[in-house]
Amino acid sequence: METGWTTAPVATLVENHRAFLKYLERRVSDRVLAEDILQEAFAKVLARPEQIPSDNEALVPWFYRTLRNAMIDQFRRRGAADR
C-alpha cells in the first residue's frame, strides 16, 4: 500500500512534539487547546504528504508555519462561533 510519505519526516515531527506543544501553549495559554491544534496540524500533514518539504532541514520551520496558520484558523473559527 502506497502512503505517499516516508517515516523520516514524521519521525522528525514526532521528535519535536514537545517543542511544538510549548510553542502553541505560550501563544494560546491553554494546554488543551494547544494539544488540539497540534493534533489537527499533524493530521493535516499526514493527510497531505505531498506538501511536506523534501528538504529535511526545512521541515521543522515549515511545520512551525503550519502551526501558526492552524492557530489563526482556530481563532477565526472561535470568533465566528462567538458572533
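The exercises below work through a predicted model of a single chain, each with a solution given step by step.

**Exercise 1. The overall fold**

Task: State how many helices and strands the chain has, which pattern it follows along the sequence, and what share of its residues is buried.

Solution: Begin with the secondary structure, where the count gives four helices and zero strands, and where reading along the sequence gives the pattern α-α-α-α. Next take the burial, for which the chain has 83 residues, and buried residues make up 31% of them. Then turn to the surface, which comes to about 5,800 Å², with 51% of that area belonging to carbon and sulfur atoms. Finally, consider the contacts with a separation of 6 or more, of which 64% are accounted for by residues 24 or more positions apart.

**Exercise 2. The faces of helix 1**

Task: Determine which residues of helix 1 are buried, and where they lie around its axis.

Solution: The first step is to list the buried residues of helix 1, which are P9, V10, T12 and L13. The second step is to look down the axis of helix 1, where these buried residues fall within an arc of 160° and therefore line one face of the helix. On the other side of helix 1, the residues T7, V14 and E15 are exposed.

The third step takes up T12, a residue of helix 1, which spans residues 7–15. T12 has a relative accessible area of 13%, and because buried means under 20%, T12 counts as buried. Leaving out residues up to four places away in sequence, T12 touches N56, L59 and V60.

**Exercise 3. The span and faces of helix 2**

Task: Check the span of helix 2 against the expected value, and then find which of its residues are buried.

Solution: Helix 2 has twelve residues, which at 1.5 Å a residue should span 16 Å, and the C-alpha atoms at its ends are 16 Å apart, so the two values agree. The buried residues of helix 2 are F20, L21, Y23, L24 and V28. These buried residues cover an arc of only 155° around the axis, which puts them on the same side of helix 2. R18 and R26, by contrast, are exposed on the other side of helix 2. After helix 2 comes S29, whose phi is positive, near 55°.

**Exercise 4. The nonpolar core**

Task: Describe the largest nonpolar core, and say which helix gives the most to it.

Solution: Start from the core as a whole, which has 20 residues, those with the most contacts inside it being L13, F20, L24, I37, L38, F63 and L67. Helix 2 (17–28), helix 3 and helix 4 each supply at least two residues of this core, and helix 3 gives the most, with seven residues. As a general background, nonpolar side chains in soluble globular proteins tend to be buried together.

The last step follows one core residue, F63, which is in contact with L13, F20, L38, A41, F42 and V45 once its neighbours within four places in sequence are left aside.

**Exercise 5. The salt bridges**

Task: Say how many salt bridges the structure holds, and trace the partners of R31 and R77.

Solution: The structure holds four salt bridges, among them the three followed here. In general, side chains of opposite charge can pair when their charged atoms come close.

Take R31 first, whose side chain meets that of E25 in a salt bridge at 3.3 Å, N to O. R31 also forms a salt bridge with E35, the closest N and O atoms being 2.9 Å apart. R31 and E35 both lie in helix 3 (residues 31–47), four residues apart, about one turn of the helix.

Now take R77, which forms a salt bridge with E40, with 3.3 Å between the closest N and O atoms. R77 lies in helix 4 (residues 56–82) and E40 in helix 3, so this pair ties together parts that are 37 residues apart in sequence.

For the accessibility of these residues, R31 is partly exposed at 44%, E25 at 23% and E35 at 35%, while R77 is partly exposed at 41% and E40 at 26%. To finish, salt bridges that share partners join E25, R31 and E35 into one network.

How values were computed
Residues numbered from 1 in each chain as written. Predicted model: local features only at pLDDT ≥ 70, side-chain atom pairs only at ≥ 80, totals over all residues. Heavy atoms only, no water. Buried < 20%, exposed > 50% of the residue type's maximum accessible area, 1.4 Å probe, protein only. Core = buried A, V, L, I, M, F, W, Y, C linked by side-chain atoms within 4.5 Å. Contact = heavy atoms within 4.5 Å. Arc of directions from axis to C-beta. Areas by Shrake-Rupley, 256 points an atom, 1.4 Å probe, with all protein chains shown as cover. Expected span 1.5 Å × (residues − 1).
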